[in-house]
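Colleague: Got a minute? I'd like to go through this model with you.
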Amino acid sequence: MRRETRRAGVFTRRALAVLAGQTAVLGLLSARLYQVQVTEGRRYATRARQNSISLRMIAPVRGRILDRGGVVLAGNKQAWRALLIAEQSHDIDRTLDRFSRIVPLDARARARIRRDVAQNRRFIPVLVADFLTWDQMARIEAAAPRLPGIVIDVGQTRVYPFGPDFAHVVGYVAPPTPADVARDPALALPGMRVGRTGVERFRERDLQGQAGSVQLEVDAAGRVIRELARDGGVPGADVTLTLDAGLQRLAMRRLAGLSASAVVLDARDGAVLAMASTPSFDPGLFDTGVSEAQWKAWITDPMAPLIDKAAVGVYAPGSTFKPGVALAALSAGAITPTTTFFCPGYFQLGNRKFYCWKRGGHGTVDVHTALQQSCDVFFYHTALQVGMDRIAAMTHRLGLGVRLPLDLPLQARGLVPTPAWRRAHGHPWVLGDTALAGIGQGFVQVTPLQLATYVARVATGRAVAPHVAASIGGRVLPGGVASDWPLLDIPQPALKAVHDGLAAVVNTPLGTGWTVRLPPALGVRMAGKTGTAQVTGVSQAERLAGGFHSSQLPWKLRPNALFIAFAPVTAPRYATAVVVAHGNEGAEAAAPIARDLIVAALSRDPTVAQAAPGTKS
Amino acid sequence: MKARAEGRLLVALPFDVTAKLARLNWGFVLLVCLLAAVGYAALYSVDGGSPKPYAEAQAVRFAAGLVLMLGLALVDIRLIARLAWPAYGAALLLLAAVARFGHVGKGAERWIDVAGIALQPSELMKVALVLALAAWFRRASWERVGSPLFLIVPALAIAAPVALILKEPNLGTAVITLAIGGAMLLAAGVRLWLFALAIAPLPLVARIAYSHLHGYQKQRILTFLHPERDPLGAGYNIIQSKIALGSGGMWGQGYLHGTQGHLGFLPEKQTDFIFTTIGEEWGFVGALAVVALLLLIIVAAMLIALRCRHQFGRLLAFGVAVDFSLYVFVNLAMVMGVIPVGGVPLPLVSYGGSALIAVMGGFGLLLSVDVHRDVVFPRDLEDG
């Protein structure tokens, strides 16, 4: 019995303590209730019984996208529009009937409004009509008492002042889809846009900002009596790009009418100064909605205007691949700067003949001459000496056939093949494949952006990577100085031999790029390499017939024209790659464009102008 | 009352019904009906002054719950004690079953269909845990409870369902279940220093746990601290709830005169946020009266525990009282924006079947304790 008393006593004491605690908690909750209902409640207390409090959301202003000098590439423009707040309209259909006497609404628009009202909470404003004229707005305001629930709103629409010129890099925005809204309910606010491509998409989080809200006291008709509280939200951050608007527009002008792309990099840090792809499109059209006819026209155009050819287009590099092969061979010791091969105009491998572009042959050539005159036979030999694995390893390091750490949503990976890759696909790797890869043909596929990166890496010996954003909301992103990028660990003599060869391409009369040498007035020299890449095999019969000329082929079958360049030769600052699809000869179609871009970049550069004072004629 | 052999229980039952009904705690039944009436009135208002769809359906469920409660009240408490562990085992199996077969309802809460009724096994588990712990400790003396080895089984009995509920994942219910288990141990006489030992490292654990939370979970905590951060998402309910309560003021807008415009925003106005309707229409005074009624029920349940003369009944009644009070605390605190939004209903007032049946079942056990408060358990205090 004593034991029972003991445990009953403990239970009683502890149960009473718990009960006291429970009473205390309810007491504290009652105090809180008093605070919410009575003390703070006054803040919410409504004057008349019909009055109520409405929470209204404010869409944040989307951040702008600027070029390196602050030129607006994507901005916002004020636009008037009519919104419907469902909770304030007693009869939505009647309100819309009256509204459409001022601004006509077709059946499709009304169906959309009804769907939006059904999908959203009743206090979220739904878009009724966009892009109102001043006159329409005034008439709506005048009719306001008979249009309960309709409010006029000053919103923002996205504008792209340069239209198609920056469409691929900057990208475009479009109204959110139901899937977007499910992910982020704030996107349901009228005027919210989602970046679909380019920087608009990649920097969506920074550009979007956070929605704000206003607590309003409204009367039964939905008219605002006063504002109770306001949270301005957070406007989206401005994104400053590395692009130079002037250079980009020049590139777009020079590429006009072609299916082509051009990239200009700051070779020291990988900053993208221009990244052009033609033909282009007007990104502003996506904001308001693209018509079906327009969409069809874009999709069926053989020149693929919607595709960013600079980052997504893949092309055989042709002879522009040769500096990479030379570096692989020189670094590995497979050849030296003095190694020579004899070029009779073809190269015999087993029973197969590989031709040089020059039918008579180049005679005895070393690496310098081979680069200068783009001798194919020299590089067939070199490729076989060094082997495909080492060519692939070197060119991968130089940025070809690999994913670059690029700050854009889309890029193609391209391909520099390895024997292992070929075997994984169930085929043997044969020596002929190595020989063809030695002149950038066969399986090799690269993007213009990769080519520009490769030029910058060859020029500086550093693993620079291309990037288009310089700073976000004033916060500078890393990668803006050369020391951010590690050295590539390529022997200096190998780099020098290749630099000399590439300089000879442009600056010696026998070089394939002699016609695009820089005007002496600039006081600096450019190095470069031409490329003409077959898109279809040329049969031996055609060669022997002699009358073959690629400009007589149908457009789709003509070779791609390429040119890569950097300048100045001694202290590389600018790197460029130009690819003109089906443009025939690289020296004719691509090189002049690359030269103009380099000249423009140099003449816009104050440090270069200082380096060559008084050379101005 | 004389102790009977348990084998004769079912035969003896019909002759006892009148006597048992006379011993039934009708005052408590009245309090429960009063709370249900409050719920009916509030749902009637949410329905816009009509019994449909919520109020009527809830009344039918309450009637079923009432039958369950009174039926359980007449069951001999010793039979209940014998069924405690099987009940616990069944609840644990159900809980494990939802991990496999349950479907995801609102958010992460998991339900299982049993004969067409959507059941939340975690609700049943709380009552079953109380039963099991009461059964474990019913024979134990103060000295026996002091032995740490004796506490291994109850500790596991608490940990298993808590772990399963955590996996659902339902952090709120897991914490409530843990709290109920802890309260049971306290009442059973587990030494206070053991509690101190268990609670001391909590701040450190919380810190480590926070760093392991998912981004959205952190976001939810931050949103709770600053609801204005996310007025469209999780902060939305808190803001709207406060506005509705605040617009009620001291005396309220009047029954059926709440501004439906606001409440139309509250997606859970008939379930978790029913208290805001009460606060808005009946004012602080009316809401306080409801809080007082809830306190009365808790006090009445505790009194039943205190006047029971056997340890099993004491612990069972105590556990049911704690379970009910935790529902009330969490729901009220959530509605007033004191703790994050957690999806806990206000028992008997909120619309919903699962919680109602669980609470009424618990009250049935509580009333059985009271009816059989003087019975003698066989082999009591036979530890040693």
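Modeller: Sure. One term before we start: two strands pair if DSSP finds at least two bridges between them. Helices (H or I, at least four residues) and strands (E, at least two) are DSSP runs, numbered from the N terminus.
Colleague: What is the bridge partner of A:Gln348 in β15(A)?
Modeller: A:Lys353. Strands β14 (residues 346-349) and β15 (residues 352-355) of chain A pair in the antiparallel sense, over four bridges. Two residues sit between the strands of this hairpin, where A:Gly350 takes a positive phi near 60°.
Colleague: Ground rules?
Modeller: This is a predicted model: local features need pLDDT of at least 70, side-chain atom pairs count only at pLDDT 80 or more, and totals for chains, interfaces and linings use all residues. Residues are numbered from 1 along each chain as its sequence is written, chains are lettered from A and ligands numbered from 1 in the order in which they are written, and side-chain values use heavy atoms, with hydrogens and water left out.
Colleague: What pLDDT does chain B average?
Modeller: 82, and 80% of its residues score at least 70. pLDDT is the predictor's confidence in each residue, from 0 to 100. Over residues 1-12 of chain B the pLDDT is below 50. Residues 104-110 of chain B also stay under 50. Where pLDDT is low, the predicted coordinates should not be read in detail.
Colleague: Now the interface. How many residues does the contact take from each chain?
Modeller: Chain A gives 41 and chain B gives 64. Contact means heavy atoms within 4.5 Å. About 4700 Å² is buried between the chains, 68% of it from carbon and sulfur atoms. Buried area is the accessible area (1.4 Å probe) that two parts lose on being put together, summed over both. A:Arg7, A:Phe11 and A:Arg14 supply 17% of the area that chain A buries against chain B, more than any other three residues.
Colleague: How many salt bridges are there across the interface of chain A and chain B?
Modeller: Two. The rule wants a side-chain nitrogen of Lys or Arg within 4 Å of a carboxyl oxygen of Asp or Glu. A:Glu4 forms a salt bridge with B:Arg314, with the closest N and O atoms 2.8 Å apart. On the side of chain A that touches chain B, α1(A) gives the largest share, 25 residues.
Colleague: And over all chains, how many salt bridges?
Modeller: 30. Among them is A:Asp97 with A:Arg110, where the closest N and O atoms are 2.8 Å apart. A:Asp97 lies in helix α3 (residues 92-99) of chain A and A:Arg110 in helix α4 (residues 107-119), 13 residues apart.
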